[in-house]
Each structure stands twice: as structure tokens, then as C-alpha cells.
Amino acid sequence: MSRSNEHIEKPEIAVKQPNPRLKSWKSVFNKLKKNKSAVVGGILIILLIIIALIGPYLTPYDPLYDQDVTNKLATPSSDHWFGTDNFGRDIFSRVIQGTGLTLMIGFFSILLGATAGVFLGIIAGYYGKRIDSIIMRFMDILLAFPSILLALTIVTVLGGSMVNVVIAVAVSSVPIFARIVRGSTLSVKKLEYIDAMRALGASDSRIIFKHILPNITSPIIVQATLSIATAILSAAGLSFLGLGAQPPTPEWGAMLSDGRNYLYNAPHVALFPGLAIVVAVLAFNMLGDGLRDAFDPKTRE
Amino acid sequence: MTGAPNPSYDNILEIKNLQTSFFTKDLEVKAVDGVSFNIPKGKVLGVVGESGSGKSITSLSILRLIEEPGKIKGGEILFKGENLLDKSEAQMRKIRGNEISMIFQEPMTSLNPTFTVGQQISESFRIHEGLGKKEAKKKSIEMLKLVGIPSPEKRINQYPFELSGGMRQRVMIAIALACNPDLLIADEPTTALDVTIQAQILDLMKELQEKLDMGILLITHDLGVVAETCDYVAVMYCGKVVEFTDKKTLFTEPKHPYTVGLMQSVPQHDQDVDGDLAVIRGSVPSPADMPQGCRFAPRCPFATDLCRNKLPDLETDEEGNQIRCWIYSDEWDGDPEVNVHEQSKSTS
């Protein structure tokens with residue numbers, strides 16, 4: 001049996017191999033770098049995060065208690081860059097303070113929603129049959145409602161507060177994740193290496209979480225990024241309707257709602273929080289679109 | 001090593017009248033219909049047959065990996081004297097990969113693309129022996145060495161896409177052999193590889209089989225592979241074993257007309273062939289519409305009314321070889337002087 005010791009494949013020596021996992025992330029990153037709008041989105045998100053982290057310590061005024069009653073609804077000036085609102089509070093400081101709040105709502109609601117959705121979707125896809133039918137029909141019911149309406153209903157039932165907004169937005173984002181993950185699971189579980197794992201004696205939970213999950217992360221990441229944008233919008237919408245953050249919390253949606261009454265004589269009160277929402281949503285959307293292209297193996301270079 | 005050899009059994013695997021069917025809405029398709037064969041300890045059994053003859057389903061049945069809508073309907077699968085069909089799913093998981101391992105046909109898709117080769121070999125150590133990361137890695141390197149992969153310390157950190165087909169099949173073998181199984185099921189392990197690599201992989205399997213003293217169930221449709229590696233051969237046709245012999249008998253005096261047909265359709269390099277290569281006429285009947293008599297009858301050049309109407313049994317001759325054909329029985333109603341080899345040559 002000498003043949004088995006001769007090797008057709010020559011070991012490539014001297015080439016130092018970088019960690020391939022790192023390499024694949026690098027290739028995604030390189031593709032992302034070439035996509036201008038994704039880069040802009042990414043930079044905006046980083047900026048927003050920096051603002052959220054250190055902004056509150058640098059604001060010129062206290063967003064809640066510095067009420068300059070003599071200077072209500074002042075237009076933007078060098079003292080108040082974004083002007084003041086109907087209580088004479090500095091809008092710039094409030095917008096800055098609201099950044100962290102908004103990002104946190106977006107992030108945590110999607111974290112919650114995606115976790116639940118991924119779990120349900122992967123279970124449905126892997127076990128199929130009746131479990132699949134039950135889970136997915138339930139998801140269909142959730143999907144049948146417009147997500148804002150669903151969130152609205154949940155907040156109404158639970159009562160208006162920030163935590164409940166997070167829960168409501170999370171629930172309304174579950175079905176999208178469940179669907180995406182179920183589809184990916186269906187395609188992955190038919191692959192031969194999953195059979196090979198079963199032939200190796202791996203348990204269902206090991207196969208699901210160690211072998212299927214890592215193979216379907218990219219659609220989850222893309223969907224999560226895009227969903228954060230939607231979540232921010234939904235949360236702002238709920239606060240605008242008075243169901244989310246309660247005054248005097250400087251939440252962008254709530255501020256927008258405050259400004260509504262002064263739209264004719266002091267449009268800046270609504271304008272700046274509105275712009276902030278636009279920037280945040282746009283940033284996540286642009287990054288999400290870029291990520292989707294970057295993760296797509298069909299787009300090379 | 002998993003358990004000391006138990007002297008109470010001679011065959012590492014005994015399959016008795018295995019029946020596996022697939023159910024559609026109103027149809028039962030018998031993919032494996034009463035298959036029986038034995039694998040003696042430390043021997044290699046080749047299972048040969050056309051596509052759709054039930055070879056792969058037999059192997060999946062042994063590991064109880066048949067998925068809906070398929071079902072093992074009956075029979076016995078005795079592994080080391082114990083019936084696998086009576087085991088619970090948890091007991092089966094302990095057997096899979098540990099005592100019975102499987103190598104799949106496609107080395108390209110049988111490895112998880114998101115894990116390094118090392119992580120995948122480690123899996124079986126971690127599942128079955130509960131080893132930690134470091135220990136498992138050390139043992140994985142040893143396994144890679146065993147299957148003849150050069151510079152295993154480096155290979156272990158590579159991903160499947162960085163390896164060639166032959167390398168991947170070696171990795172598959174390393175994974176399968178990690179826990180020293182007593183039985184290895186190899187489902188067309190060389191079909192996807194080119195010929196030089198095929199020979200290497202077969203040599204490797206044979207070498208490791210002798211070293212580790214395990215039984216191998218080798219599924220193939222390549223008689224060359226059988227000649228090179230097997231001790232015994234089971235020829236399957238339409239979900240049934242039609243001939244079971246030792247390798248030598250199979251090549252010197254095949255008995256069943258189907259086996260003879262298979263032999264003759266292999267090109268011989270030492271014979272001049274005028275004209276076309278011999279073929280077996282017709283095609284495999286659809287499993288949903290099986291002939292009621294011998295399943296090979298519609299394609300058999302010797303078929304008589306008896307063949308067409310009644311299914312022959314698998315008869316054992318005095319040398320222990322088994323054959324399912326009326327020609328070798330007392331009831332044969334055709335030409336008593338029939339010579340399978342001569343006649344089929346002239347008819348083809």
C-alpha cells in the first residue's frame with residue numbers, strides 16, 4: 001500500500017496563511033468599502049454612536065431642566081443652535097440626548113425580536129411538518145397586521161413606556177426573521193454535511209446551533225441592520241402618538257409631536273428631531289443595503 | 001477502542017429481511033425489499049448495483065437515518081448481535097460515528113464550509129469522548145497524519161474550500177475513523193474523485209481497515225473498485241440481493257444473469273472488442289411498478305414463464321454463496337443445459 005503515501009497534492013510551503021475566517025470577513029469589508037453609500041451609512045452610524053456615548057456630557061444646556069421661559073420657541077442662533085422649544089429648552093441638547101435613546105430602542109428591540117425570530121424560524125425549518133405549520137401560520141398572522149398597527153396594539157395593551165415600546169417593536173419584527181431563517185434553514189438542512197453530522201451521532205440541538213446557525217448568519221445580519229432602521233421609525237412613530245417615551249423624555253418622536261403644534265410659527269421645533277430621525281434611518285438603510293450586496297457571493301470584487 | 005470483541009457473534013453486521021419503503025400519498029415504494037446479508041468481522045463487503053437498486057437506502061437504514069416519508073418497515077439489523085431497530089434514538093446517537101461510521105459520496109459538500117477541518121474532526125471526539133478543545137485538536141492532528149495528509153498542523157486550520165477533492169475525502173475518512181468504529185459504511189466514496197485519487201483513497205481505506213480491524217460496507221457501482229478492495233460482494237437489483245458471493249467467485253464464475261451482464265458491460269483491456277460494448281437491454285423498472293415475478297425477468301435473456309410469474313428465493317449453495325435465480329433451482333423450466341456466460345454473450 002505504498003500509493004497512499006505518495007501525494008498528488010503538494011503542500012504549499014512558505015506561504016503564510018492568514019486565518020481564512022478573518023479573510024472572508026475582510027473580503028466582505030472590502031466589498032463594503034467600495035460601496036459609497038454603505039460607507040456613508042457606516043460613518044453616520046459610528047458618528048451617531050459617538051454622539052450617543054459622549055454627547056450628553058458636552059451639551060451646552062441640560063435637556064430637561066434648563067428652561068429659559070423668556071426665550072420660548074426661539075429660532076436657531078449662536079446660543080441655541082437648533083433654537084428652543086415651547087418650554088424654552090435647548091433643542092440641540094435634547095436632540096443629542098435623544099440619540100442614545102433612539103439607538104438603544106432600535107438595537108434592543110431588534111436584538112430581542114431577532115433572537116426570538118431566529119429561534120422560531122430555525123426550529124420550524126429544521127423540524128418541519130406540524131411544528132413548522134404551527135409556527136409559520138402564527139407568524140403569518142403577525143405579518144398580516146401592518147407592523148406599526150401591531151406595535152400600536154401591543155403598546156396599548158401593555159401601557160405606554162419605553163420598555164413596552166421595545167417589546168412591541170420586537171414582537172412586530174419577529175415574523176420577518178422567522179421567515180428568513182426558516183428559508184435558509186430549509187436549504188442548509190438538506191445539504192450533505194448535515195447528514196454527515198447526523199451520521200456522526202450529533203444531537204439535534206448541536207446540529208441546529210453549531211452547524212446550521214453559522215451558515216445562515218449573513219442574511220440575519222443584513223436583515224437586522226435593515227430592521228433597526230424600521231424599528232427606529234416605529235418607535236419614533238409610537239412616541240409621536242404619545243404611546244412611547246413620555247414627556248419630558250427627549251425622544252425624537254416625542255419631540256416631533258411637541259413641535260407639531262408650532263409648525264407654522266416655529267417649524268424648527270419639529271424640523272430638527274425630524275431630521276435626526278431621517279439621518280438615523282437612512283444610515284441604517286444604506287449600511288444594510290451595502291451589507292446585503294457585500295454578503296452576496298455573486299457580487300465579486 | 002469501543003468494547004472488547006464479543007465472541008458471541010461472528011458477523012459484525014447481519015441484516016435479515018430488511019424492508020425500507022417510501023410512502024407517497026397513495027403509493028408505497030419499496031426501495032429496499034427484503035435485503036439480507038452478513039459482514040464477517042474485519043472483512044469488506046461490497047454492495048454493487050445500478051442506480052436505484054437500494055444500495056444507499058440500505059446503508060442509511062443501518063444507521064437509522066431514513067427520513068420521512070421513508071420508513072423501515074421490517075427486518076432485523078444485528079450489529080454485534082444486537083438489533084439496531086430496537087434501539088432508542090439516544091442509543092443510536094451513541095452508535096453513530098462511534099461504532100458505525102459513514103463516509104459520504106460527495107467530499108465537496110459533505111464538509112461544513114464554515115468550520116475548519118480541525119474543528120470538524122474534533123466534533124466526533126467532542127461528541128463521543130467528551131474531550132476538551134485542546135485534546136481534541138491534538139487527536140485531530142493524529143488522525144490527519146493517519147490518513148496521510150502532509151503537514152497536518154497547518155491543514156487543521158484550513159477550511160474545506162482550501163482543499164482538493166482527494167484531500168477532502170481523506171478528511172472525511174479521518175472524521176469517520178476518529179472514534180475507531182467497528183463498522184465503516186462507505187457510500188460510493190470514490191465516485192466523485194478522479195481515477196488516480198480513487199486508487200489512493202481505496203488503498204488508504206484498505207490499509208486502515210487492516211490496521212484497525214474493522215468491517216467495511218462498501219457501496220459502489222464500479223466493479224473495478226470491488227475487485228480491488230472487497231472480500232465479499234452482494235449484488236443488488238431493484239431492492240433485492242440477487243447474488244452474494246466471495247469476490248473470487250464473483251469474478252471467475254458469476255451466476256446470476258444480471259451479474260454476468262454487469263461483468264460484460266465493463267470494458268476489458270486485454271480483449272479486442274469488435275463493435276459495441278455489451279449492454280444489459282432495457283432499463284430498471286420503476287419501483288412503483290415492479291414486475292410480479294423475478295424483477296430482472298423483463299431484461300433477462302433467459303427468462304421463461306416461470307421467471308415472469310414467480311419470484312425466486314435467495315438460495316444458499318454448499319459453499320455459502322447465495323443466488324436468487326430460477327436457473328439454479330430444481331424447478332427451472334427452461335433449457336437444462338443453459339450456460340449463462342456463453343448465451344448472454346451471443347445475445348448481446
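This passage describes the annotated regions and the enclosed cavities of a predicted two-chain model.

A good place to begin is chain A, with the regions that the database record marks out. The unreviewed UniProt entry assigns a domain, "ABC transmembrane type-1", to residues 99–288 of chain A. In the model this stretch is 82% helix and 0% strand, and its end C-alpha atoms are 19 Å apart. The record also lists the feature "transmembrane region" at residues 38–58, 103–127, 134–155, 220–242 and 262–284 of chain A. Two of these spans can be looked at in turn. Residues 134–155 of chain A are 91% helix and 0% strand, with 25 Å between the end C-alpha atoms. For residues 262–284 of chain A, the helix content is 74% and the strand content 0%, while the end C-alpha atoms lie 30 Å apart.

Chain B carries its own annotation. According to the unreviewed UniProt entry, residues 13–263 of chain B form the feature "domain: ABC transporter". Here both kinds of secondary structure appear: the span is 38% helix and 28% strand, and its end C-alpha atoms are separated by 27 Å. Helix 10 of chain B covers residues 257–264, and eight of its eight residues are buried. Among them are Pro257(B), Tyr258(B), Leu262(B) and Met263(B).

Attention now turns to the spaces inside the protein. How many cavities of 30 Å³ or more does the structure hold? There are five. The largest has a volume of about 110 Å³. Both chains contribute to its lining: Ala196(A), Met197(A), Ala199(A) and Leu200(A) come from chain A, while Met102(B), Ser110(B), Leu111(B), Gln120(B), Met172(B), Ile175(B) and Ala176(B) come from chain B. Two elements give two or more residues each to this lining, namely helix 7 (192–199) of chain A and helix 6 (165–177) of chain B. By residue type, the lining consists of nine nonpolar residues, two polar ones and no charged ones.

The second largest cavity encloses about 60 Å³. Its lining is drawn from chain B, with His256(B), Pro257(B), Cys294(B), Phe296(B), Ala297(B), Cys300(B), Cys307(B), Pro312(B), Cys325(B), Trp326(B) and Ile327(B) around the space. Which kinds of residue make up this lining, nonpolar, polar or charged? Ten are nonpolar, one is polar and none is charged. One residue links this cavity to the helix described above: Pro257(B) is part of the lining, and Pro257(B) is also among the buried residues of helix 10 of chain B.

Technical notes
Residues are numbered from 1 along each chain as its sequence is written. Chains are lettered from A and ligands numbered from 1 in the order in which they are written. This is a predicted model: local features need pLDDT of at least 70, side-chain atom pairs count only at pLDDT 80 or more; totals for chains, interfaces and linings use all residues. Side-chain values use heavy atoms; hydrogens and water are left out. On a 1 Å grid over the protein atoms alone, a cavity is a set of points where a 1.4 Å probe fits but cannot get out, and a pocket is an open set with protein on both sides within 12 Å along at least five of seven lines; lining residues have an atom within 4 Å of a point. Grid points are joined across faces, edges and corners, and a volume is the space filled by probe spheres set on the points. Helices (H or I, at least four residues) and strands (E, at least two) are DSSP runs, numbered from the N terminus. Ala, Val, Leu, Ile, Met, Phe, Trp, Tyr, Cys and Pro count as nonpolar, Asp, Glu, Lys and Arg as charged, and the others, Gly among them, as polar. Buried means under 20% relative accessible area, exposed over 50%, partly exposed in between (1.4 Å probe, protein chains only). UniProt positions are given in the numbering used here, feature names are shortened, and annotations may be inferred rather than shown by experiment.
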